[in-house]
Amino acid sequence: MLGALLFAAALFVLHRELRHVHYRDVLAALHSLPPGRVLAGALLVLLNYLVLTGYDRLAFHAIGQRIAGWQVTLASFVAYALSNNIGFALIAGTSVRDRFYSRWGVGTGDLTRIVVFYSTSFWLGLSALGGWSLALQPHPALLRFASEPVLRTLGVLVLLFPVAYLLASALRRAPLRVRGLQLQFPPPRLALLQVLLSAVEWSLAGAVLYARLPAGGPGFGALLGVFLAAQLAGLVSHVPGGVGVFETVLLVTLGRYYGHTQIVSSLLLYRLLYYLLPLGIALAILVGDELRLRRHHLARLGTVLGSITAQTAPALLALFTFIAGVVLLISGATPADPGRVRWLAEHLPLAVLEASHFLGSVVGVALLILAQGIARRLDGAWYLGMVGLALGVALSLLKGGDYEEALLLGVLLAALLGSRDQFDRRAAFLDAPFSPGWTVAAVAALGASIWLGFFAYKNVQYGSELWWRFALNHDVSRFLRASVGATVSLLASGVARLARPAAAEIEPPGEPELAAAAQVVAAQAGTLPFLVLLRDKGVLFNEERTGFVMYGVQGRTWVALGDPVGPPAVAPGLIRQFLERASDYGAIPVFYQVGRDRLDLYAELGLTFAKLGEEARVELAHFGLEGQAQRGLRATVHRLQREGVEFAVLPPEEVRRRMAELRAVSDEWLSTKATSEKGFSLGRFDEDYLARFPAGVMTVGGEIVAFGNLWLGRPGSELSVDLMRFRSAAPRGAMDGLFTQLLLWGKAQGYAWFSLGMAPLSGLEAGPLGHAWARIGHLVFRYGEAFYNFQGLRTYKEKFHPVWEARFLAYPGGLRLPRVIADVAALVAGGYGGILKK
């Protein structure tokens with residue numbers, strides 16, 4: 001909210017401050033800048049980015065890790081170029097570093113320490129220089145907001161952060177522990193280097209702007225204070241690159257020294273040199289690196305870094321596609337070069353120039369819209385993006401001979417062509433809703449281009465006749481028509497998306513899907529995947545249909561049940577596919593009841609974990625009725641046999657024939673327990689579902705008194721029981737006897753394991769270093785018997801002497817866990833109301 005308010009306020013002030021600035025004056029001021037100063041600015045940018053890479057060099061020294069200097073420079077340059085433009089440096093910069101550093105042997109723990117170190121360095125220099133500027137030389141413009149003593153006091157307070165950091169590094173040897181996290185201060189010499197390096201880096205960044213401004217302004221010290229304040233405002237706003245916010249602060253504070261035309265032209269050149277030029281180089285490096293990896297067929301990197309590549313390269317290409325759309329819109333809103341237009345008019349009809357100008361803006365809007373599809377790796381968006389960029393190149397040349405613009409679009413076209421393999425999602429582009437942020441960005445880009453057009457032609461007397469003037473020197477008429485075309489195109493896109501029927505969040509699988517899923521499940525060792533046959537979950541297959549994810553939807557939470565089903569090699573792709581599908585709908589993706597052996601796959605894609613409980617699995621090779629430990633089960637089996645209770649396993653065709661008897665047992669059990677059917681992670685009585693499996697039954701005089709349907713994994717692996725129900729008149733211990741007989745039957749059939757299912761909240765640690773969820777869960781496990789038989793369920797399963805294996809919830813982290821837990825419970829219970837029922 002603070003960022004949005006800052007951005008809105010910045011736009012208002014920017015519009016007010018520029019009311020006396022003319023577009024042609026800004027262009028003239030840009031052209032009047034001496035080439036020597038432009039070159040000096042470019043060299044300062046190069047030096048500044050080299051110093052920026054020093055943050056990472058110091059970080060490697062601090063953690064005692066060594067890699068080649070060129071590797072540190074390359075990775076950190078790309079990371080800083082990307083995060084400076086996109087914003088959210090912790091996410092954007094870390095993903096790029098992970099892409100490169102993990103390849104060169106840097107583990108996750110060391111990468112985390114590097115991120116903490118360079119982030120600390122960043123703020124140390126900003127606070128040191130900002131505090132010094134406020135304490136010794138506060139800028140006169142700041143006196144509008146506070147008195148000089150207040151500003152000087154604030155400067156001293158800000159300076160306390162680097163001073164305290166240096167003192168702590170000198171005096172504290174033991175690590176600092178904060179809520180279970182351990183932070184180690186660097187040695188005093190290294191801490192001092194952090195402060196000095198960061199101060200030099202910020203000074204160089206300010207010097208890049210200082211070199212762009214005309215002579216006669218404030219001294220470098222005063223300018224640096226204003227520059228740091230503008231950068232801080234941009235950081236707080238979370239607007240990518242601080243666009244608008246940064247410029248507004250400088251316009252307001254430097255207006256007493258320079259004309260607004262001079263400031264605007266200097267800021268435009270600063271943006272080009274400090275932001276866009278490094279970003280273009282970073283794009284070339286990433287695309288070149290991607291092509292090199294593919295050429296050398298590095299299979300290991302393909303598996304470990306594939307997810308990181310897929311997140312980084314498409315996101316960067318999407319950003320550039322969006323920028324390309326903005327460039328076309330701005331080009332359509334501003335006057336063309338008169339000399340180039342006259343040359344084109346000598347060789348082309350006026351109608352070609354007019355149509356190219358109009359269509360250029362329409363293509364610009366199309367690129368804004370397609371950028372989100374490119375970020376989602378949609379193959380359709382890639383094809384349309386290629387067409388749009390190719391049209392953009394041609395239209396840029398035809399409407400005004402804008403070869404610079406055409407070159408930019410051509411480079412992006414080549415980059416997109418080189419990244420074809422990243423766009424492998426076949427989802428329909430219109431199926432997924434636009435995210436609110438992307439919608440706002442597209443509308444803001446179009447609005448900014450229209451505002452720029454009115455700014456460029458502010459001295460024109462507007463009238464209805466302008467719409468219909470077609471002449472070589474009537475740029476304003478072309479701007480008006482192109483703006484209407486672009487606006488109508490954006491509105492038409494929005495209407496098309498609103499009018500299109502919403503895609504079903506879950507499409508129940510039909511018979512072909514169930515048959516394909518059943519074929520995959522039959523090859524699995526585990527038995528949980530058999531729940532796909534309930535038909536109450538969506539099924540997301542990979543392209544080859546060799547694996548799938550089964551999932552349910554509750555509110556905005558998408559819950560995948562268990563790990564992806566299929567060969568281990570398909571799991572990473574299916575996890576990513578599910579996360580992307582959920583992201584398309586703005587949903588929270590969750591994996592429920594996942595095992596420990598694949599947690600790294602979820603962690604690589606940014607998910608965190610909470611322990612749900614433990615699954616009880618009996619090793620059948622060691623199970624039997626002999627010995628003192630099994631005397632209770634042995635006595636129960638013998639007593640039931642004396643009472644005439646018989647055990648049998650009915651094949652699926654016999655289950656189908658005796659379905660009415662099973663229905664009667666189930667209905668009586670539900671009535672006696674005063675409970676209702678569940679779903680999702682629990683089976684329910686469904687005749688089509690039960691008829692697919694064998695069932696273990698206990699009979700008295702041929703009448704079924706208890707049953708449980710059997711899930712049979714591939715031969716020699718695991719079996720389990722799903723639905724377990726009995727009559728109230730069943731002999732005492734009938735279910736104990738049924739379980740025991742099923743275990744013995746499975747052992748005789750050659751199975752290795754029998755799953756008794758999960759004991760919720762079992763095994764959660766309650767220590768002071770445990771996760772808050774674990775401590776709460778432990779308390780519920782101990783004292784929540786009035787709501788659910790937590791301890792009783794574990795105690796019951798313990799009598800079969802199982803091995804306990806942890807099961808986890810993988811989710812995006814943050815404060816979402818309570819909501820996710822509630823949504824999962826509602827999904828199992830058939831709604832939120834069902835949570836309060838048995």
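Let me begin inside the protein, with the residues that line the largest cavity, which are Leu329, Gly332, Ala333, Ser361, Leu446, Ser449, Ile450, Phe479, Ala482, Ser483 and Ala486. Three elements each give two or more residues to this lining, namely α13 (306-333), α18 and α19 (475-499), and of the contributing elements α19 gives the most, with 4 residues. Please keep in mind throughout that we are looking at a predicted model.

As for the character of that lining, if we sort it by class we find 7 nonpolar residues and 4 polar ones, with no charged residue. The space in this cavity comes to about 50 Å³, and a search of the whole structure turns up 3 cavities of 30 Å³ or more.

Now let me turn to α18, which covers residues 436-456 and so has 21 residues. From its first C-alpha to its last, α18 reaches 30 Å, close to the 30 Å expected at 1.5 Å a residue. Which residues of α18 are buried? They are Ala442, Ala445, Leu446, Ser449, Leu452, Gly453, Phe455 and Ala456, and among them Leu446 and Ser449 are also in the cavity lining. As a general point, residues three or four places apart in an α-helix point the same way, because there are 3.6 residues a turn.

Stepping back to the whole chain, there are 31 helices and 13 strands, and of the 838 residues 51% are buried. Among contacts between residues at least 6 apart in sequence, 75% join residues at least 24 apart. Finally, the chain exposes about 38100 Å², of which carbon and sulfur atoms supply 65%.

Technical notes:
Residues numbered from 1 in each chain as written. Predicted model: local features only at pLDDT ≥ 70, side-chain atom pairs only at ≥ 80, totals over all residues. Heavy atoms only, no water. Expected span 1.5 Å × (residues − 1). Buried < 20%, exposed > 50% of the residue type's maximum accessible area, 1.4 Å probe, protein only. Contact = heavy atoms within 4.5 Å. Areas by Shrake-Rupley, 256 points an atom, 1.4 Å probe, with all protein chains shown as cover. 1 Å grid on protein atoms, 1.4 Å probe; cavity = no way out; pocket = protein on both sides within 12 Å on 5 of 7 lines; lining within 4 Å. Points joined across faces, edges and corners; volume = space filled by probe spheres on them. Nonpolar A, V, L, I, M, F, W, Y, C, P; charged D, E, K, R; others polar.
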